[in-house]
Amino acid sequence: MILLVRGGWTGKILKVDLTKGKHVQEPLDAKMAVDFLGGRGFAVKILWDELNRGVDPLSPDNLLIMATGPLTGLPIPSSGKIQVAAKSPLTGGYGDGNIGTKAAVQLKKAGYDVLVVKGRAEKPSIIKIEDDNVEIIETDLWGRDTWETQDELEEKYGKNAGILLIGPAGERLVKFAVIMSEKGRAGGRPGIGAVMGSKNLKAVVIKGSKEIPVADRKAVASLGADGYKEVKSSKSYDLWIRQGTMIAFQWCQENSTLPTMNFSEGIFDYAENLNGDAMEKHYKIGQKGCPNCNMPCGNLNKIKEGPYRDDVVEIDYENIGMLGPNLGIGNMNYVLSLNLLADKMGMDTISLGGTLAFVTEAYQRGLIGEDQIGLKPEWGNGEKYLRMAEMIAKREGFGDLMAEGTLSLAKRIGKGAEKFAVQVKGLEVSAYECHTLHGMALAYGTSPIGAHHKDAWFISIEIAEGRDIINKEKVEKLIIMQRRRSFFENATTCRLPWVEVGFNLDWYPKFLRAATGLDFTWDDIYQISDRTYALIRAFWVREFGEKWGRHMDYPPEKWFTEPYTKGPYAGRKLDKEKYDQMLSWYYELRGWDERGIPRKSTLAKLGLDYVAAELEKVVKLRE
Ligand code: PTT
Ligand code: SF4
């Protein structure tokens, strides 16, 4: 079915084959648009349809997808986001990330909803898209860091060009390399930057001159204007502008959920050196934001000591949580420096912090020695962690093994090291400690890309309503949260107006109607989200086959076995039986069987019969 575009979508997919040096425009299928909306939904549908099972994620056959949605780029709150996705080299399953960047808006203005890249360029190259004009151009920027590359490309193509790029970590196929943009926007935690590197693709540069089609331009403009006003009038607006996601730091400390020394504790002795107030008082010098956003949250901080003195870095809570307390570092200057190094090299800060912390614990427990690592890791020693981060980015010595991520490294070490690898499905856990939180642990366990918080930041509800409550209602609430939050991955816009300043969800069906001319209720949106979740799950199961099982949805072993030793919850850990009970409720509510595989009837209800037929080649589906 070809889409008769009334608006929202441009109606075109651009496919570039780097091996053949060719590109082609294809129409966006109308059914796909309505069934999956955009962004993550488009990405998983294309990966399901076009990838064969077992493709090596770092081979030319993998597909690198950059996808927008029907709201991307429109003059409505925080719409400048793009989804980057591929089969993940870190987890072996579906992987994606979300980046706020001019490239999101420019891709739509160039006339495309999605860019799909396959193959491998013979020499390091960039893809340049200027409306219908698409070129693959050899580049001498290979080896340059993400800052230098951004500067060079901006100088050549102009400050308004949308640029997505990788750093040396992506080039060297570090398994948690991200795609970067505009010196501080990062996305694709499960190694999507390594997939880009494996294609010899240093950057994508996009310039569009078209108007993004919409069904009702007047309605988009007036709804957008009213929406911006509502965002600005929020009571939380002022604090948000001052601290952004760094608000979470002190909250986590106060609630014993701050990841500390490889997620061993939930509180940190030097938290006051690193929290939002400390940032405001001593380090923050400015503010940055994504396109079309009037609640900019990028905190620009100046480093005051150490090897990166006087450099400026954009920070968020996750970065500081994972590179500060999780490494026992109480000196903000080193935390900022590690963040800067990760950004310049193009590595995910969360997985970097998780991997360095894992190595430190493994060393302390005598599972690996100084002779293997090449130095003695030490909680709180920023200089050493900077050195180790460099080793990873360059794959130098032991850095070559650390660059494979925590799970792979733990398997390599053996001796039970896996127990201390704080990850789910191979993706390192983001910065929320869960020794007392079965619901948040379940959110990590069932997140569609591995342990990431974006699909369900369930922690705040769970703490407000009672951490010790274990019932089906709690699981129901988690699923509703996943349905709502994953809408933003499909629509593709920023979820923070809703999450952080209380922007009403009722705006979104109105935006969709004005943009596309189609009516979507929240029930329709939930259905799209469930369909997307079921297809992502099917993708994982198709890859893992008989190796798939409910153990894939378990949180890190350590949370069940190593209790907190400090703070108000000392002695507490997760209970496996309770977790298993919640997981069973989760499967039941989603219509998945006890292995966590969607039932045939569930797939049929979601219009995914074609998925069931293919999945049956790999595992026996239950009715
Ligand atoms: C996101 C993850 C996050 S989530 C953070 S901080 W966060 C880390 N940021 C990194 C960074 O910076 N540099 C780096 N080298 N690695 C990093 N890894 C980490 O990546 C980000 C904001 C934030 S800041 C959040 S919560 C929200 N996330 C959204 C989302 O996921 N979807 C959505 N529709 N809207 C969102 N809005 C917010 O965007 P991943 P960004 Mg990011 C420097 O990509 O892979 O999804 O992992 O996109 O443009 O940087 O904005 O406290
Ligand atoms: Fe970007 Fe922050 Fe605005 Fe979201 S709220 S669009 S992450 S600047």
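Mentor: Let's begin with a space in this predicted model. The second largest pocket holds about 700 Å³.

Trainee: How is empty space found, and which residues lie nearest the centre of the second largest pocket?

Mentor: Here is the general idea: a probe the size of a water molecule is rolled over the atoms, and this shows where empty space is left. In this case, 28 residues line the second largest pocket, and Leu-407, Lys-411, Gln-423, Lys-425 and Gly-426 are nearest its centre.

Trainee: Which element gives the largest share of that pocket's lining?

Mentor: That is α18, with four residues. At least two residues each come from α18 (406–413), β16 (423–424) and α24 (522–544). By class, the lining of the second largest pocket has 12 nonpolar, eight polar and eight charged residues.

Trainee: What about closed spaces? How many cavities of 30 Å³ or more does a search of the whole structure find?

Mentor: A cavity is a space where the probe fits but cannot get out. The search finds two of 30 Å³ or more. The largest cavity has about 60 Å³ of space, and α24 gives the most to its lining, with four residues. Among the lining residues are Lys-425, Tyr-533, Trp-540 and Trp-592. You met Lys-425 a moment ago, in the lining of the second largest pocket.

Trainee: And which residues line the second largest cavity?

Mentor: Leu-37, Ser-486, Phe-487, Asn-490, Ile-525, Ile-528 and Ser-529 do. Two or more of these residues come from each of α21 and α24. The lining of the second largest cavity has four nonpolar residues, three polar and no charged ones.

Trainee: Now the ligands. How many residues surround ligand 1, and which are closest?

Mentor: There are 32, with Asn-98, Ala-186, Asp-343, Met-347 and Asp-348 the closest. The largest share of this shell, four residues, is from β5. The shell around ligand 1 consists of nine nonpolar, 12 polar and 11 charged residues.

Trainee: Which atoms of ligand 1 pair with Asp-343, Arg-185 and Arg-189?

Mentor: Look for N or O atoms that lie within 3.5 Å of each other. A nitrogen atom of ligand 1 is 2.6 Å from a side-chain N or O atom of Asp-343. An oxygen atom of the ligand lies 3.3 Å from a polar side-chain atom of Arg-185, and an oxygen atom of ligand 1 is 3.1 Å from a polar backbone atom of Arg-189.

Trainee: Which residues are around ligand 2?

Mentor: Arg-185 is one of them, and others include Ser-78, Cys-290, Cys-293, Cys-297 and Cys-494. Domain 1 (12–207) and domain 2 (235–428) each give at least three residues to the shell around ligand 2. That shell has seven nonpolar, two polar and two charged residues.

Methods:
Residues numbered from 1 in each chain as written. Chains lettered and ligands numbered in written order. Predicted model: local features only at pLDDT ≥ 70, side-chain atom pairs only at ≥ 80, totals over all residues. Heavy atoms only, no water. 1 Å grid on protein atoms, 1.4 Å probe; cavity = no way out; pocket = protein on both sides within 12 Å on 5 of 7 lines; lining within 4 Å. Points joined across faces, edges and corners; volume = space filled by probe spheres on them. Nonpolar A, V, L, I, M, F, W, Y, C, P; charged D, E, K, R; others polar. Near = heavy atom within 4 Å. Polar contact = N/O pair within 3.5 Å; in protein donor to acceptor, adjacent residues only side chain to side chain. Domains from an automatic or database assignment.
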